[in-house]
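Trainee: Please take one part of this structure and examine it closely, beginning with a pairing of charged side chains. I should then like to see how that part fits into the whole.

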Amino acid sequence: MRFVRRYLIPRLIQYVLVTWLGITVVFIIPRLLPSDPIESMVATLQAQGTFRDPEAVRQMVDTLRDMYGLEKSLPEQYISFWKRLLSADFGPSYFSFPTPVIKLIGRSFPWTVGLLLTTTVLSWIIGNITGGLSGYFTGNRLLKIVDWIVMFLRPIPYYVLGLTLVILFAYLLPLFPFEGGYTIGAKIAFTWSFIKDVLRHAFLPALSLSLLGVAVNHQTMRLIIQGVKEEDYIRYAKIAAVKERAIFGRYAMKNAILPQITGLTLSLGQIFGGALITEIVFSYPGLGFLLYRAIVNSDYNLIMGITTISIIAITTLILLVDLLYPLFDPRIRFR
Amino acid sequence: MKTLRDLCRDSRFSLGAVVVLILLLLALLSFFSPYDPIEWRVVQRDLPPSWKHLLGTDSKGQDVFWQMTFAVRNSLALAVFAAAISRVIAVVVGLLAGYSGGLIDRVLMFISDGFLVMPLFLIIVMLAMLVREHMNTVNLALLLGALGWAWDARLIRSQVLSLREREFTYTAILSGTPTRKLIFNEYSLFITPLVFTTLINNMAWVVGMEITLALIGLTNLNIPTLGAMLRWAVSYQAMLLGLWWWLLAPIGVSIALFVALYLVSLGTSEYLDPRARIQRVGAR
C-alpha cells in the first residue's frame, strides 16, 4: 500500500497534470495573436492563391469558429475545446478535404510508432552497453575510437544528419531509396517481399535516429559509470577479488542503468521531435511527414490534431516507463 | 589568462576553439563582401569552385562563399541573441526555484518539467505558423529564446540547492547579508560558469532549430542563414543537378559549427568540474 500511495498515485497525478498542461498550451497558442486567428488563417489560405473548394473553406472556417468560438467567453471556449477533444474530433483536414483529421493521423501513427519504438529501444540498449564499457574499461583503444566518433556525431541535429545520409547513401551510393515508406504501387500485404521493401525504406531513417540515440546514451552512460566506478561497493568487490567482468555486469552496470531509465523519460519528447524531423527528411509516411504537408498547406486543424495526439502519446509512454521502473529498482518496490 | 592556458591543454577544447574562431572570422569577412547577399543574378550561375569563386556559384546567381559568410554571421547572431534570452529566463527560474523552495519551487519545476516532456518541436512549429508572415531574425530569436530554457533552469536550480546547504550561506544569512547581495556577490560566482556552458549548448540548439525550421519553410528565406542556404540548395535540387558545392558548403559549415561548439562546451564543463578533470588525468 505504501508503494501505491508514494509511487503510483503521484505518478498518475503527474500524468494527468502534464497532459492537461500540454493540451492547454495547444489551446492558448492560437489565442496569443492580437488579431483574429481565423481571419489571419483565411488570409494566409487566400494568399496561397491556389483554387480551393469553397465548401472546404466554409467548413474549415466553421470548425475553426467552433473550436476557437471567439464570440464566447474564454472559459466557455475552453470547455467546448475539451468537449471536441474528448470525442476525438479535430474537424476536417483542409488539404485533403473532407477527410477528418483524426483519420489522417490514424493512418500515419503506426509508421511513427514503429520507427520511434524500434530506434529508441535499440539505441538505448546499444548506447548504454558501449557507453558502459567505455566508461569502465578506460584503457581500451577500440572504445576510445568509439568515444571520438560519438563526440562528433552527438551535436549534429536530426535534420542535418538525415540530409547527409540521404546524400551519401541515396544519391552518391544509391544503396537505399531516398524517400517514402514503401515502393509506390506496391501491394500492402504481409508478404516477404513487401516486408523487405518496408525495411529497406525504413533503414536510413532508422539509422539516422539510432546513430544520434546511441551517441546520447553512450555519452551519459559513460559519465554515470565513471561515477559508479568510484563507489565503495565496487572497490570492495575488487578487493574481494570478484572477476572484473562480473563487477562490470553485476554491480556497475546494474546500478548505472537506473538513472538512464529516468533519463529516457525526460528525453522522450525530444526524441519524438527528432523522429518527426527525420520523417520529414526521408518523406517517411508517419506523423512527421503529415505535419510537413500540413505546414505547406497551412492546415491548422491538422497541426493542432497532430500536436495534441503527440502530447498524449508521449505522456502515456512516459507513464508506462514510470510504471515499469519499480521492476528494475527494488528500492522503490520495498520502500 | 591562466584559465585559457589550462583549457587549451585539453586537445578537444583547443580544436573546438580554433574552429569557432575560423567561423567567427568568416562571419567578419561578410562585412567586406563584394556582393549584396539579397540580390540575385550578381554572378554567372552554376559555376564550380574556382579561384574567382572559391566555393562556386549557385542557381540563384550568387557566390556561395560570400553567401556563406553572411549565413554564418546571421546564424551566429540569431544563436547568441536567442540563447541570451533563454539564459535570462533560466537564471531567474533556477535561482527563484532553488532559493525559495517550497510551493514556488514546485510550481516552477512543474512548468519546466512540462517544457522538457512536451514535444517542443511541435509547439515551435505551431507558434511559427502563427507568425509566419512576420517571421524575421528577431521574432525567431524571441520564439526560440522563450522556449529553450527548461533544462538549464533545472541545472541552475540544482546548483543553487547545493549552494544553499553550504557553510558560507549560513554564515552570510546569520551575519545579516541581504538575499540580493548573497545571490549577486556569492552565488553568481558559482552560477556564471554554468550559464556559460549552457549558453554554448543552447546556441547549437538554436542554430539546429533554425536549420530545421528553414527547411520546412517556416522562416524568412530572404535572410541568408545556414538554414535558408540549405533550403534553397535543396529546393533547387542541387544534388540532382550535380551542384555539390552548393550543398556541401552549408552542410559542412554547420556540422563544423555544431561539433566545435560541442567540443568547447565539453572542454569548459570538464574544466569547471574538477572531479571530471581528475578522472581524465587518471585515465591518461
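Mentor: In this predicted model, B:Arg157 and B:Asp105 form a salt bridge, with 2.7 Å between the closest N and O atoms. The term denotes a side-chain nitrogen of Lys or Arg within 4 Å of a carboxyl oxygen of Asp or Glu. The pair links distant parts of the chain, 52 residues apart, since B:Arg157 lies in helix H7 of chain B and B:Asp105 in helix H4 of chain B. Helices (H or I, at least four residues) and strands (E, at least two) are DSSP runs, numbered from the N terminus. Both partners are buried: B:Arg157 has a relative accessible area of 17%, and B:Asp105 one of 10%. Here buried means under 20% relative accessible area, exposed over 50%, and partly exposed in between, with a 1.4 Å probe and protein chains only.

Some conventions apply throughout. Residues are numbered from 1 along each chain as its sequence is written, while chains are lettered from A and ligands numbered from 1 in the order in which they are written. As the model is predicted, local features need pLDDT of at least 70 and side-chain atom pairs count only at pLDDT 80 or more, whereas totals for chains, interfaces and linings use all residues; side-chain values use heavy atoms, with hydrogens and water left out.

Helices H7 and H4 of chain B are also joined by a salt bridge between B:Arg154 and B:Asp113 (2.8 Å, N to O). B:Arg154 belongs to H7 and B:Asp113 to H4, so this pair ties together parts that are 41 residues apart in sequence. In this case B:Arg154 is partly exposed, at 26% relative accessibility, whereas B:Asp113 is buried, at 16%.

Helix H7 (residues 150–164) of chain B also contains B:Asp152, whose partner B:Arg87 lies in helix H3 (residues 64–100), so their pairing ties together parts 65 residues apart in sequence. The closest N and O atoms of this salt bridge are 2.6 Å apart, and B:Asp152 and B:Arg87 are both buried. Over all chains the structure holds 9 salt bridges.

These helices belong to a chain with 12 helices and 0 strands. The C-alpha trace of chain B spans about 75 × 50 × 30 Å along its principal axes, and 51% of its 284 residues are buried. Among contacts (heavy atoms within 4.5 Å) in chain B between residues at least 6 apart in sequence, 69% join residues at least 24 apart. Chain A has 13 helices and 0 strands, and 48% of its 335 residues are buried.

What is the count of salt bridges between chain B and chain A? The count is 0. The rule does find 2 residue pairs in polar contact across the interface, both at pLDDT 80 or more. A polar contact is a pair of N or O atoms within 3.5 Å; within protein, one must be able to donate a hydrogen and the other to accept it, and residues adjacent in sequence count only if both atoms are side-chain atoms. Helix H4 (102–117) of chain B is among the elements that give two or more residues to the side touching chain A. H11(B) gives the most, with 9 residues.

By class, that side of chain B has 32 nonpolar, 5 polar and 5 charged residues. Ala, Val, Leu, Ile, Met, Phe, Trp, Tyr, Cys and Pro count as nonpolar, Asp, Glu, Lys and Arg as charged, and the others, Gly among them, as polar. In total, 42 residues of chain B are in contact with 52 residues of chain A. The two chains bury about 4300 Å² between them, 82% of it on carbon and sulfur atoms; this is the accessible area (1.4 Å probe) that two parts lose on being put together, summed over both.

The largest nonpolar core has 127 residues, of which B:Phe121, B:Val125 and B:Ile216 touch the most other members. Such a core is a set of buried Ala, Val, Leu, Ile, Met, Phe, Trp, Tyr and Cys residues joined through side-chain atoms within 4.5 Å. Its largest share, 12 residues, comes from helix H10 (residues 244–282) of chain A. Leaving aside neighbours within four places in sequence, B:Ile216 has contacts that include A:Tyr159, A:Ile280 and B:Phe121. Apart from this core lies another, of 20 residues, including B:Leu108 and B:Ala153.
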